[in-house]
Protein chains: 2
Amino acid sequence: MTITDIRQQLSEKGLKITPQRIAVLEAIIKLNNHPSAENIIDYIRKNYPNVSTATVYKVLDALVDNELIKRVKTDKDVMRYDAILHAHHHLYCTKTDKIKDYFNDDLNHLLTNYFKKHRILDFEIADIKLQIVGKFKTPKKTAPKKRNILPKKA
Amino acid sequence: MTITDIRQQLSEKGLKITPQRIAVLEAIIKLNNHPSAENIIDYIRKNYPNVSTATVYKVLDALVDNELIKRVKTDKDVMRYDAILHAHHHLYCTKTDKIKDYFNDDLNHLLTNYFKKHRILDFEIADIKLQIVGKFKTPKKTAPKKRNILPKKA
DNA sequence: TATTAAACGAGAATGATTCGCTTTTAGATT
DNA sequence: AATCTAAAAGCGAATCATTCTCGTTTAATA
């Protein structure tokens with residue numbers, strides 16, 4: 001996703017192309033880990049120190065309204081954001097609060113087909129998101145990466 | 001779900017049985033519409049005017065920690081709560097912000113089986129929630145309910 | 001009924017998000 | 001290229017859901 005692509009996307013939605021909007025979209029794509037508004041602000045300020053907090057929130061709203069990004073809600077109170085690159089679901093780790101993308105087209109087809117056959121009365125589905133809650137397992141190591149010969153604390 | 005049941009549930013989890021905890025659980029069950037903390041507080045205060053806001057939040061945390069209720073995440077910023085009566089998913093209306101329960105054991109089995117066959121690498125699933133986003137259709141009326149003979153504005 | 005850790009109450013504090021208002025700017029028009 | 005104007009950005013203050021602090025009360029147990 002290049003800056004040209006970003007400009008293109010904004011333009012397609014009839015949004016004015018501003019440095020702030022480009023910066024926010026770029027930040028979400030670069031950070032790539034469901035950043036909070038704060039994360040995004042910190043990232044942007046490295047290059048544009050005087051971007052207003054309120055502006056970032058306003059930009060985020062505009063981008064969500066125009067379906068260029070999605071909001072991701074956690075059990076904690078801060079909102080997180082996600083670039084819309086490809087339909088995907090989320091794995092929520094109850095231990096670490098990490099959110100990982102989960103791509104599975106096979107599953108998407110399964111769900112789409114399921115709801116094509118079993119419509120929900122009086123409801124028109126626009127999107128289906130799976131929140132898969134659980135824990136990341138620490139993978140077993142075949143060999144330790146590092147050896148710590150020294151004691152942890154002097 | 002009677003008060004005796006509620007006492008039983010608290011007791012099973014090793015939680016002290018307090019009037020406040022009973023009131024909160026009762027409120028969530030009675031309100032039955034994914035209430036926010038504010039909704040719950042308003043409801044409880046009708047009968048117990050001096051329940052502290054902080055207490056309600058603390059009780060909600062305790063109940064979530066002990067899996068007696070669930071948090072319902074929305075794209076908006078307030079958290080909502082839901083009694084755990086039976087496994088279910090949610091329909092989110094983008095027009096009205098209403099959240100409706102969606103029960104479908106058939107679908108639950110489908111998903112459970114799917115993930116039994118297709119495990120997610122390094123992730124241990126505890127719960128799967130579907131957020132089905134869309135719009136409630138207003139059902140077609142066979143005849144109009146009212147006729148408005150007068151002009152809309154004088 | 002005495003003990004005590006857990007729970008509660010009241011209100012202040014926090015902090016993410018929004019508001020109100022002014023200034024700036026993107027994009028269109030001359 | 002200069003002008004115009006609605007949209008966007010900036011900035012500080014305001015909002016408000018949620019959390020913290022800490023003194024008081026209470027549920028559970030002996």
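**Entry 1: the surface by strand D**

I began with the residue classes of the surface near DNA strand D, and I noted 10 nonpolar, 6 polar and 5 charged residues. Before going on, I reminded myself that this is a predicted model.

Next I looked up who sits around the strand. I found 21 residues surrounding DNA strand D, and the closest are T18(A), Q20(A), T55(A), I17(B) and Y57(B). Then I asked myself which part of the strand the protein comes up against. Sugar and phosphate make up 71% of the atoms of DNA strand D that come within 4 Å of the protein.

I also wanted to know which elements line this surface. In chain A, α2 (19-31) and α4 (53-65) each supply at least two residues, and α4 (53-65) of chain B does so too.

**Entry 2: atom pairs on strand D**

Here I went down to single contacts. For Q20(A), I wrote down 2.6 Å between an N or O atom of the side chain and a sugar or linking oxygen of DNA strand D. The side chain of K16(A) also has an N or O atom by a sugar or linking oxygen of this strand, and there the distance is 3.1 Å.

What kind of oxygen of DNA strand D does K58(A) approach? I found a base oxygen, 2.9 Å from a polar side-chain atom of K58(A).

**Entry 3: over to strand C**

I turned to the other strand and started with its neighbours. DNA strand C has 21 residues around it, and those that come nearest are I17(A), Y57(A), T18(B), Q20(B) and T55(B). Of the atoms of DNA strand C within 4 Å of the protein, sugar and phosphate account for 75%.

I checked the classes here as well. The surface near DNA strand C divides into 10 nonpolar, 6 polar and 5 charged residues.

Three contacts from chain B went into my notes:

- I found a polar side-chain atom of Q20(B) at 2.7 Å from a sugar or linking oxygen of DNA strand C.
- For R21(B), a polar side-chain atom is 2.8 Å from a phosphate oxygen of the strand.
- N50(B) uses its backbone, with an N or O atom 3.3 Å from a phosphate oxygen of DNA strand C.

Then I listed the elements giving two or more residues to this surface, which are α4 of chain A together with α2 (19-31) and α4 of chain B. The largest share comes from α4(B), with 4 residues.

**Entry 4: how the two chains are related**

What rotation superposes chain A on chain B? I noted 180°, with 0.2 Å of shift along the axis and an RMSD of 0.2 Å. That is the relation of a two-fold axis.

I then searched chain A for the residue closest to this axis. It is L130(A), whose C-alpha lies 2.3 Å away.

Why do I say the copies meet through the same surface? Because 100% of the interface residues of chain A are also interface residues in chain B.

**Entry 5: chain A by itself**

To finish, I looked at one chain. I counted 5 helices and 5 strands in chain A. Starting at the N terminus, their order is α-α-α-α-β-β-β-β-α-β.

I looked up burial next, and 40% of the 154 residues of chain A count as buried. The chain exposes about 10200 Å², and carbon and sulfur atoms supply 51% of that area.

My last check was on contacts in chain A with a separation of 6 or more. Residues 24 or more positions apart account for 43% of them.

Key
Residues numbered from 1 in each chain as written. Chains lettered and ligands numbered in written order. Predicted model: local features only at pLDDT ≥ 70, side-chain atom pairs only at ≥ 80, totals over all residues. Heavy atoms only, no water. Near = heavy atom within 4 Å. Polar contact = N/O pair within 3.5 Å; in protein donor to acceptor, adjacent residues only side chain to side chain. Nonpolar A, V, L, I, M, F, W, Y, C, P; charged D, E, K, R; others polar. Least-squares fit on C-alpha atoms with pLDDT ≥ 70 in both. Contact = heavy atoms within 4.5 Å. Buried < 20%, exposed > 50% of the residue type's maximum accessible area, 1.4 Å probe, protein only. Areas by Shrake-Rupley, 256 points an atom, 1.4 Å probe, with all protein chains shown as cover.
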